[in-house]
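Hi everyone, thanks for making time this morning. I'd like to walk you through one sheet and then step back to the whole chain. Here it is on the screen.

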Amino acid sequence: VSDGPNPAIEDIFPDRGSIMIPVGQAAAHFSILIQDDQVLIRIPKVPVQKSFMCVHISLRIRPNDCPLRFSLSVMAVPESAAVISLNVTRGRLTEDGPLIGSVDTKVSVDYRVVTGEGVGSATPGVDFLDLQPVKTITFPSLVFKASLLFKILDDNVPEIAESFHVVLLEETIRGDAVLVSPNAVLVTIEPNDKPYGVLSISNAALSQPIIINEDLTQR
């Protein structure tokens, strides 16, 4: 078997051998094993070539292992952003790259929102809302982009930058697809509402004058 776009041994086994046609028979049968992997394959159109002595058969493995990824790996938004959209693409390794893999079937994958507990971690229901009714992204046949919507909650509380992750879960893929980078996106809500605090003189000093004796008070 001669190589095509990829080395033959990567996709089929065996890639060489002998065919024995016994006396009195006009045909012989042999098998080639198609090896399953998670390699993205581009398949060109290959014409069948014939000659007088032998026939060359072109074996085509259907496009497979469609890539799933986020359009961005990081996103910074102001607290006033309202609703933001996180795009998940199917079938492309880059935003404007060619289509790869089986895009004519239905594919779905679950996602998870991950937040921390310390300073700098956004809190669900306080800093943002997940607007999806279910945590599953579904791509119908020949659909290449889906969007996750999150609402950023605006308030008057001084806050430093706070962030949360949205992660695609590889073990939940249903259909002919694989995850590629970036399979997670970090969303950061920028500092807002005077995040470094407010300086003021205490109320007690304003309500009652401070009287000092300059001979006795040094500080």
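Let's start with a pair of strands, keeping in mind that this is a predicted model. Strand E8, residues 107-114, runs antiparallel to E10, and the two are joined over 4 bridges. If you want a spot to look at, find valine 107: phenylalanine 139 of E10 stands opposite.

Now stay on E10, residues 136-139, and look at the side chains. Which of them are buried? Ile137 and Phe139, which point to one face; Thr136 and Thr138 point to the other face and are not buried. That fits the usual picture, since in a regular strand the side chains alternate between the two faces of the sheet.

On the other pairing, E8 meets strand E12, residues 162-168, again in the antiparallel sense and over 4 bridges. Here tyrosine 111 has leucine 168 in E12 as its bridge partner.

So what is the order of the strands in the open sheet? It reads E6-E14-E12-E8-E10, 5 strands with mixed pairing. E6 (74-77) and E10 are the edge strands, and each has a single partner, so one side of each has no neighbour in the sheet. On average, neighbouring strands in this sheet are turned by 20° against each other, ignoring direction.

Stepping back, the protein has 14 strands and 2 helices. Of its 219 residues, 28% are buried. Taking contacts between residues at least 6 apart in sequence, 70% link residues at least 24 apart. Finally, the accessible surface is about 15100 Å², with 57% of that belonging to carbon and sulfur atoms.

Thanks, and I'm happy to go back to any view!

Technical notes:
Residues numbered from 1 in each chain as written. Predicted model: local features only at pLDDT ≥ 70, side-chain atom pairs only at ≥ 80, totals over all residues. Heavy atoms only, no water. Buried < 20%, exposed > 50% of the residue type's maximum accessible area, 1.4 Å probe, protein only. Pairing = 2+ DSSP bridges. Axes fitted to C-alpha atoms, helices over the stretch in contact; angles between N-to-C directions. Contact = heavy atoms within 4.5 Å. Areas by Shrake-Rupley, 256 points an atom, 1.4 Å probe, with all protein chains shown as cover.
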